[in-house]
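Subject: Structure handover

Hi,

Here is the structure we talked about. Please load it first, then read my notes below.

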Amino acid sequence: MLKRLSRGLWNYHSIALILLTPVLLLPLPLVIGTKEAECAFVLLLMATYWMTEVIPLSITAMLPALLFPMFGIMKSSDVAKEYFKDFHFLLVGVLCLATSIEHWGLHRRIALKLVTMVGVNPAWLMLGFMSGCALLSMWVQNTSAVTMVMPIVEAVLQQILKAKEGACVGEDNPNLQLDETDDQYEKIKEIVSDKKHPDGSEESYTCVQIQTVSQPVPAQDSGCQPEAPSRCKQDLMMCKAMCIGIAYSSNIGGITTLPGTSPNLIFSEYLHQIYPDCNAINFGNWLMLCLPISVIMLVLTWIWLYWLFIGSDFSFLWRCKGEQSEKEKAAKKVIEDEYRSLGPMSSQEIVTGVVFLVMVLLWLTRSPGFMPGWASLFPHHKGYITDATVALLLGLLLFIIPAYGPSRKYEPMISWKEFQAAMPWKVVLLVGGGFALAEGAKESGLSLWVAELLTPLGDLPVLATITIACIIVTTVTEVASNAATITIFLPILSPLAEAIHVNPLYVLIPTTLCTSFSFLLPVSNPPNAVVFAYGHISIMDMVKAGIGVNVIGVLSVMLAVATWGVPLFSLHTYPDWAPILPGFNATTP
């Protein structure tokens, strides 16, 4: 009886949390009763719902539209304006390009070409797939990049494992490799089969098997599961390393460009909203800052995963190319067959590639900073043209350019149905709710109150403050979605920077980047969940690998903002576009 009662209570724990959270927070608006307290009530309520996901993230994002007018913080019409910004047009344009890339198969050609360039040695093969996935995730959603690359990886792994070889070559890592048994793989199968993908905010968690290989690969019928006692442990470790590398590389590549991942776009739009005179962030200088970070992280992550799962023998780095093993020949054959099956580059792929290159070129040259960009051709409309204008223009062209010649019925490069299927409407609402929350914090005076509260932190060294903020954000983003995490922390960290009289970019840029470092759990972000659903890895594998990659990520970001990021964004100078608070505690880095 008690067991049944406790089970029933647990089944309804979400409703209890939904009802108890506002009740426990009621003293803020009822007892204190100030506008700051009322806005804090909304902020804490949304933060709790976002982190626990007891109701869909996009529904939680609409709470400001309900509560701000009730508390008299903002008019309903003013709140509604915050839900659609320049960010959304940039997202629309980028998704048009991503839809065309996926629809015409350009992603397969890019990924396979990269892999053929690096070779089929397991280590180089892993680096090739990681590089391809990182490159794709710079321009498409991280989940899309993973679902593009993973079927190709799966086909290669299947062929490698089918290759018969007398003995296992390579050196095991005795310190950190897990002992794999049939029982453990049965447990992994149960985890995968029982896994429920949560309602992710950044992209959909649904693991869709894209038909990019000759036959579909079932998510639970893993080619890496031992079917016979002779299955080599080295093969199992290679499966783990390669699959985890794909998940991690999508997040690493996503931070490289502003449209690469949601936190970057949210940060950019927040900056324009709170500091309208700030024009320090553009596509070009963000790429200059983050491309070296991504390269450093990708190489170190590759080395870390190789050492952790495959072995500590790195002699392949300088070894001359010799006779290929049966496994390497099998991998080479399947990659060459896949690439050959693509045939010559189609006209649709060429058009998509040209649009992609033009979009990147226009972004880089719009306002590069060290020289006048093409935006200066419109001197009477300074600040009117943004990266969203470029993305929207070229995205619109994809709905107009004919996919085929005059011999066939007119059909555009992409259709509305294809675009709509790729559009993450949940992200649109989530980001809008974050902008509304930030504007409410500003209107109510909560931002100023937080800034005054955080002023004593000016006694700490600036780098220590930033490091603490990065560690906190990296920890929270493991259990909350990336977009929700950055939406919660931006209104807190921005006043913190003003309170200690430090350039807000010095605090906001590293914490924004660290928001994407959710490597520990399958539910930390959609790419992790997609890779985990293939059944090659366990949760402990991901935790063990993720701790090291988190450390690599935070150290790489801190290195960047302490060195080449300083002259790039004048981080040691308090900017004119940021407010000067009365009685600030001046701190010099």
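Contact here means heavy atoms within 4.5 Å. Helices are DSSP runs (H or I, at least four residues), numbered from the N terminus. Two notes on the source. The model is predicted: local features need pLDDT of at least 70, side-chain atom pairs count only at pLDDT 80 or more, and totals for chains, interfaces and linings use all residues. Residues are numbered from 1 along each chain as its sequence is written, and side-chain values use heavy atoms, with hydrogens and water left out.

Start with helix 14, residues 262–274. Its 13 residues should span 18 Å at 1.5 Å a residue (1.5 Å times one less than the number of residues). The end C-alpha atoms are 18 Å apart, so the two agree.

Helix 14 is mostly covered, with 12 of 13 residues buried (under 20% relative accessible area, 1.4 Å probe, protein chains only). Those buried residues pack against helices 8 (86–103), 13 (233–254), 15 (283–310), 20 (425–444), 23 (482–499) and 24 (504–514).

Take helix 8. It packs on helix 14 at about 145°, axes 9 Å apart (lines fitted to C-alpha atoms over the stretch in contact; angles run from 0 to 180 degrees between N-to-C directions). D86, F87, L90 and L91 of helix 8 meet L265, I266 and E269 of helix 14.

One residue in helix 23: E498. It counts as buried because its relative accessibility is 11%. Its side chain makes a polar contact (here, N or O atoms within 3.5 Å, one able to donate a hydrogen and the other to accept it) with the side chain of Y275, at 2.5 Å.

Best wishes

How values were computed: Helix = DSSP H or I, 4+ residues; strand = E, 2+ residues; numbered from the N terminus. Buried < 20%, exposed > 50% of the residue type's maximum accessible area, 1.4 Å probe, protein only.
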